[in-house]
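Ready for a few short exercises at your own pace? Have the sequence and the fold open, and try each task before reading its solution.

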Amino acid sequence: MKEFSKQDSKLLEDIMLHRRDVRGNRFLDKAIDPSSLEKILFAAVNAPSVGFSQPWEFVVITDKARKNAIKDNFDQSKSSEKKLFSEQQQAQYSQLKLEGIHEAPVNIAVFYKPSEEPVLGQSCMQEVGPYSVVCAVQNMWLMARALNIGLGWVSILNPENVKKILSAPQENQLIAYLCLGYVDYFYDTPELERKQWNKRKSLESLIYKDSY
Ligand SMILES: Cc1cc2nc3c(=O)[nH]c(=O)nc-3n(C[C@H](O)[C@H](O)[C@H](O)COP(=O)(O)O)c2cc1C
């Protein structure tokens with residue numbers, strides 16, 4: 001059995017605390033080396049999954065035409081989302097850079113592929129299938145950070161449209177659209193906090209003892 005030291009747990013904490021969502025204004029025009037990309041995908045497929053179903057598939061995108069189509073989808077989705085906010089927030093929202101589709105050398109679309117067979121542990125809560133894929137995404141995010149590679153999650157997209165652009169099978173569900181690349185800088189705190197869009201909640205405000 002492998003045992004970890006205090007130093008190891010401190011290192012994991014450091015990676016977690018210094019992981020950031022990275023947008024296009026931070027990505028450098030520098031290719032990701034294949035061995036690093038492989039490490040990130042290897043981290044993904046070692047995530048936990050319900051019934052060990054491993055219900056994930058990945059589309060690695062570098063093609064400009066596909067990126068263009070995804071960016072158009074993002075622009076349309078961003079204009080629709082903007083309307084949900086107050087007038088004052090809309091002005092701030094427009095200023096936010098919320099993707100890095102073109103600037104990031106590699107984009108990865110992460111899909112949930114539902115099993116055709118019953119999955120151990122999934123019958124009561126179907127969502128645990130997609131949750132397993134989210135675990136894979138978090139593994140990718142942490143491994144990317146450990147390799148000093150930035151990763152940004154873009155969810156301001158019409159998923160059915162993304163599926164069409166990528167010729168995804170009908171049954172697959174888009175879970176995440178990720179932009180990856182080397183960066184000029186990792187901030188110590190979330191950009192949305194720095195830009196005063198939101199604040200971090202205190203731990204005490206979130207924990208209940210025995211019941212609500
Ligand atoms: C499910 C999910 C979807 C997200 N979608 C977007 C997005 O569309 N655009 C964006 O700029 N950031 C997106 N983010 C990043 C969050 O804004 C970011 O995680 C949050 O502000 C905290 O910052 P940090 O990740 O740097 O700690 C997403 C994050 C998650 C977990």
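The exercises below work through a predicted model.

**Exercise 1.** Work out the strand order of the sheet and find which strands lie at its edges.

*Solution.* Start with the order: 4 strands form an open sheet, arranged β1-β2-β4-β3 with antiparallel pairing. Next, look for strands that pair on one side only; these are β1 (56-61) and β3 (149-154). Finally, check the twist, which averages 25° from one strand to the next.

**Exercise 2.** Describe how β2 and β4 pair, and place α5 relative to the sheet.

*Solution.* Strand β4 (residues 173-182) pairs with β2 in the antiparallel sense over 7 bridges. For a handy landmark, find Val106, which stands opposite Leu180 in β4. Then turn to α5: this helix lies across β1, β2, β3 and β4, and runs at about 0° to β4.

**Exercise 3.** Locate Lys113 and decide whether it is buried, partly exposed or exposed.

*Solution.* First, find Lys113 in the loop between β2 (106-112) and α5 (128-146). Now count: Lys113 has 17 C-beta neighbours inside 10 Å, so it counts as partly exposed, since buried requires 20 or more and exposed 12 or fewer. Leaving aside neighbours within four places in sequence, its contacts are Pro55, Trp56, Glu57 and Asn172.

**Exercise 4.** Sort the residues around the ligand by class.

*Solution.* List the shell to begin with; among its members are Arg20, Asp21, Trp153 and Leu192. Sorting the whole shell gives 6 nonpolar, 1 polar and 4 charged residues.

Methods:
Residues are numbered from 1 along each chain as its sequence is written. This is a predicted model: local features need pLDDT of at least 70, side-chain atom pairs count only at pLDDT 80 or more; totals for chains, interfaces and linings use all residues. Helices (H or I, at least four residues) and strands (E, at least two) are DSSP runs, numbered from the N terminus. Two residues are in contact if their C-beta atoms, placed from the backbone, lie within 7 Å. A residue is near a molecule or strand if its C-beta atom, placed from the backbone, lies within 6 Å of it. Ala, Val, Leu, Ile, Met, Phe, Trp, Tyr, Cys and Pro count as nonpolar, Asp, Glu, Lys and Arg as charged, and the others, Gly among them, as polar. Two strands pair if DSSP finds at least two bridges between them. Axes are lines fitted to C-alpha atoms, for helices over the stretch in contact, and angles run from 0 to 180 degrees between N-to-C directions.
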